[in-house]
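Welcome, and thanks for taking a look at this one. Please open the model in your viewer and keep the sequence beside it while you read.

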Amino acid sequence: RGVARLTHHTPTPDDPAAFSLTSFTTDDGLPNNECNAGASTVDSDGRIWAGTVLGASVFDPAREIIDYTPSPLRIERSAVASNGDAIADGAELAYDRNAAVFEYALLSFARESDVQYRTQLVGFDDEPSGWSTDFKKEYVNLPAGNYTFTVWGRDHLSTISGPVALSFSVRAAPWRTWWAIALYALAIAGLAFGLLQWRLRSLRK
C-alpha cells in the first residue's frame with residue numbers, strides 16, 4: 001500500500017486524531033506500492049530510501065513542496081431526475097418534478113482518487129453528510145419548500161474547498177396551495193350552513 005508518514009498535529013473537531021496520515025503511492029512516483037521488508041534506510045542527507053518490488057525509490061523532505069491552496073470546486077450538473085432538465089440557481093420546480101440530482105467536482109489534479117466530498121440539502125438534511133468519494137447526490141420526493149444544495153470538497157492533503165451552493169424551490173401541488181385550502185374551507189362552511197338550515201327547517205316542521 002505504499003509508504004505511510006505519520007505527522008503529529010493538534011486534534012480538531014473534524015479530525016480528532018493526534019496524528020495525520022499521508023500515504024505515498026505510485027501516484028507520487030513510487031515504482032510499486034509493495035515494498036520489500038527491511039529495504040529502507042535514511043542517508044546522511046536525511047533522504048529516505050525504500051526498496052519496492054520494482055526498484056528503489058527516494059524521498060527528500062528538504063525538497064518537498066506542499067500546496068495547501070484550496071482547489072476550485074464546481075457543481076457540474078444540477079438537474080431534474082425524471083427528465084434531465086437543468087436546475088438553475090433560483091429555479092422553481094413543479095410539484096411533480098420534485099426529484100433532483102447533483103454532480104460536482106473538485107478540480108485537484110493530484111491524487112484525484114483521494115478527493116472526498118460532503119453535502120447538505122438545507123431545508124431537507126438536518127446536517128452535512130460524512131466525507132465520501134461519491135461525486136453525485138440524488139434526492140427524490142422532495143416536499144414543497146425552499147432548498148439550498150451545498151457541497152464541500154477535500155483534497156488528499158485534507159485542504160477543504162467550498163462550500164459551493166445552489167438554491168431552488170419546489171412548488172406545492174395545486175390541491176395544497178393556499179387558495180385550494182381556502183376553497184376547501186368555504187366548501188366545508190357552506191356544507192355546515194346547509195346542514196344547519198336543513199336542521200332548522202326540520203325543527204320548525
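The report below goes from the overall chain to the sheets and then to the aromatic rings.

## Overall picture

What you have here is a predicted model. The protein chain holds one helix and 12 strands. If you read along the sequence, the strands come one after another and the helix closes the pattern: β-β-β-β-β-β-β-β-β-β-β-β-α.

How does the radius of gyration sit beside that of a compact globule of 205 residues? The globule would be near 17 Å, while the protein chain has 29 Å. Along its principal axes, the C-alpha trace spans about 115 × 35 × 30 Å. Buried residues account for 25% of the 205 residues. Looking at contacts in the protein chain with a separation of 6 or more, 52% of them come from residues 24 or more positions apart.

## The three-stranded sheet

One open sheet is formed by three strands in the order E6-E8-E10, and its pairing is antiparallel. Strand E6 (73-80) and E10 are the edge strands, each pairing on one side only. On average, neighbouring strands of this sheet are turned by 15° against each other, direction ignored.

Within this sheet, strand E8 (residues 100-106) and E10 pair in the antiparallel sense over four bridges. Which residue in E10 is the bridge partner of Ala 100? That partner is Tyr 139, a residue to keep in mind for the section on rings.

## The four-stranded sheet

A second set of strands is worth colouring next. Four strands make an open sheet in the order E7-E12-E11-E9, with mixed pairing. Here strand E7 (91-93) and strand E9 (116-122) are the edge strands, and each pairs on one side only. Neighbouring strands of this sheet are turned by 30° against each other on average, direction ignored.

E7 pairs with strand E12 (residues 160-170) in the parallel sense, over three bridges. At this pairing, Glu 92 stands opposite Ser 169 in E12.

## A hairpin earlier in the chain

Strand E4 (residues 48-52) and strand E5 (residues 55-59) pair in the antiparallel sense over five bridges. A hairpin through two residues joins E4 to E5, and Thr 52 stands opposite Gly 55 in E5.

## Aromatic rings

How many aromatic pairs does the model contain? The count comes to nine. One of them is Tyr 139 with Phe 149, an edge-to-face pair at 6.5 Å centre to centre with 75° between the planes. Tyr 139 lies in strand E10 (residues 136-139) and Phe 149 in strand E11 (residues 145-154), so this pair ties together parts that are 10 residues apart in sequence.

Are these two residues buried or exposed? Tyr 139 has a relative accessible area of 4% and Phe 149 has 0%, so both fall under the 20% cut-off and are buried. Both also belong to a cluster linked by ring pairs, whose members are Phe 102, Tyr 104, Tyr 117, Phe 124, Tyr 139, Tyr 147, Phe 149 and Phe 168.

## A charge over a ring

One more contact with a ring deserves a look in the viewer. Arg 118 lies over the face of Trp 152, at 4.9 Å from the ring centre.

Conventions: Residues numbered from 1 in each chain as written. Predicted model: local features only at pLDDT ≥ 70, side-chain atom pairs only at ≥ 80, totals over all residues. Heavy atoms only, no water. Phe/Tyr/Trp six-rings, centres within 6.5 Å; stacked < 30°, edge-to-face > 60°. Buried < 20%, exposed > 50% of the residue type's maximum accessible area, 1.4 Å probe, protein only. Lys NZ or Arg CZ within 6 Å of the ring centre and 35° of its normal. Pairing = 2+ DSSP bridges. Axes fitted to C-alpha atoms, helices over the stretch in contact; angles between N-to-C directions. Rg over C-alpha atoms; globule rule 2.2 N^0.38 Å. Contact = heavy atoms within 4.5 Å.
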